[in-house]
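Welcome, and please open your viewer with the chain shown as a cartoon and side chains ready to switch on. We will go from stop to stop, selecting a few residues at a time.

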Amino acid sequence: MEFEAWKAALIDEIETAAEGRAEQVLSRPEDPRIEKSQKALFDLVEQLRAFPSDHAGLGALFREEMELSNLMRASVGEPERRYRDAKEDLLAAYGIDHEPFVDAGQFLRVLRDRADETISEYRLRV
């Protein structure tokens, strides 16, 4: 995958999570965390959109995610699924059970840490 397509997909994934909060607001209007979460996710999207293509954090996460598909000692697609599940869990909790990050850079670092954990686990397998 090329970088710009990857960045657009990341932003789309976060926007989808934010749009999903609208449905949650309808089912649980008494929970103010849902609206707060939606706003935080949309703020995150805007920050990521503003990052230039040569942003160090974006580039680092892109390389980590691309490395997931090249891991030895793993079933095809297994590391990517594990990382994707971790990312989806984070987005589902964002602003509700997980406080919003200070900025998009911190969000990228957390995602990179999760990718690193997955990569390390598969590299250590014998």
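**Stop 1: helix 4 against helix 5**

Start by selecting Glu78, Pro79, Arg82, Tyr83, Ala86, Lys87, Leu90 and Leu91 on helix 4, then add their partners on helix 5: Phe107, Val110, Leu111, Arg114, Ala115, Thr118, Glu121 and Tyr122. Sorted by class, the residues of this contact are ten nonpolar, one polar and five charged. Keep in mind as you look that this is a predicted model.

Now hide the side chains and look at the two helices themselves. Two packed helices are described by the angle between their axes and the distance between the axes. The axes of helix 4 and helix 5 come within 10 Å and cross at roughly 150°. Angles over 145 degrees count as roughly antiparallel, so helix 4 and helix 5 are roughly antiparallel to each other. The crossing of helix 4 over helix 5 is right-handed.

**Stop 2: the other neighbours of helix 4**

Keep helix 4 on screen and bring in helix 3. These two helices pack at an angle of about 135°, and their axes are 8 Å apart. That angle makes helix 3 oblique to helix 4. To see the contact, select Leu61, Glu65 and Leu68 on helix 3 together with Pro79, Glu80, Tyr83 and Lys87 on helix 4. Four of the residues in the contact of helix 3 with helix 4 are nonpolar, none is polar and three are charged.

Next, swap helix 3 for helix 1. The axes of helix 1 and helix 4 cross at roughly 40° and come within 10 Å. Helix 1 and helix 4 are therefore oblique to each other, and helix 1 passes helix 4 in a right-handed crossing. On the helix 1 side, select Leu10, Glu13, Ile14, Ala17 and Arg21; on the helix 4 side, select Lys87, Glu88, Leu91, Ala92 and Ala93. The contact of helix 1 with helix 4 holds six nonpolar, no polar and four charged residues.

**Stop 3: the nonpolar core**

Which residues touch the most other members of the largest nonpolar core? Select Leu10, Ile14, Leu48, Leu58, Phe107 and Leu108, which have that role among the 31 residues of the core. Then colour the elements that give two or more residues to this core: helix 1 (3–27), helix 2 (32–50), helix 3 (56–68), helix 4 (78–93) and helix 5 (104–124). Helix 5 gives the largest share, eight residues. For background, nonpolar side chains tend to be buried together in soluble globular proteins.

**Stop 4: Leu10**

Zoom in on Leu10, which sits in helix 1. Is Leu10 buried or exposed? Its relative accessible area is 4%, and buried means under 20%, so Leu10 is buried. Leaving aside residues up to four places away in sequence, Leu10 touches Leu48, Leu58, Leu61, Lys87, Leu108 and Leu111. Now draw a distance from Leu10 to Val45: they are 35 residues apart in sequence, with 8.9 Å between their C-alpha atoms.

Stay with helix 1 and select Ala22, which also lies there. Ala22 is partly exposed, at 37% relative accessible area. A C-alpha to C-alpha line from Ala22 to Leu10 spans 20 Å, and the two are twelve residues apart in sequence.

**Stop 5: two partly exposed charged residues**

Move to Arg33, in helix 2. Arg33 counts as partly exposed, with 35% relative accessibility. Which residues does Arg33 touch, not counting residues up to four places away in sequence? Select Gly95, Ile96 and Asp97 to see those contacts. For a distance to draw, try Arg33 to Phe62: these residues are 29 apart along the chain, and their C-alpha atoms are separated by 30 Å.

Finish on helix 5, where you will find Asp116. With a relative accessible area of 27%, Asp116 is partly exposed. Draw one last line from Asp116 to Arg84, 32 residues apart along the chain, and you should read 13 Å between their C-alpha atoms.

Technical notes
Residues are numbered from 1 along each chain as its sequence is written. This is a predicted model: local features need pLDDT of at least 70, side-chain atom pairs count only at pLDDT 80 or more; totals for chains, interfaces and linings use all residues. Side-chain values use heavy atoms; hydrogens and water are left out. A nonpolar core is a set of buried Ala, Val, Leu, Ile, Met, Phe, Trp, Tyr and Cys residues joined through side-chain atoms within 4.5 Å. Buried means under 20% relative accessible area, exposed over 50%, partly exposed in between (1.4 Å probe, protein chains only). Helices (H or I, at least four residues) and strands (E, at least two) are DSSP runs, numbered from the N terminus. Contact means heavy atoms within 4.5 Å. Axes are lines fitted to C-alpha atoms, for helices over the stretch in contact, and angles run from 0 to 180 degrees between N-to-C directions. Angles under 35 degrees count as roughly parallel, over 145 as roughly antiparallel, 65 to 115 as roughly perpendicular and the rest as oblique. A crossing is left-handed if the near helix is turned anticlockwise from the far one by less than a right angle, and right-handed if clockwise. Ala, Val, Leu, Ile, Met, Phe, Trp, Tyr, Cys and Pro count as nonpolar, Asp, Glu, Lys and Arg as charged, and the others, Gly among them, as polar.
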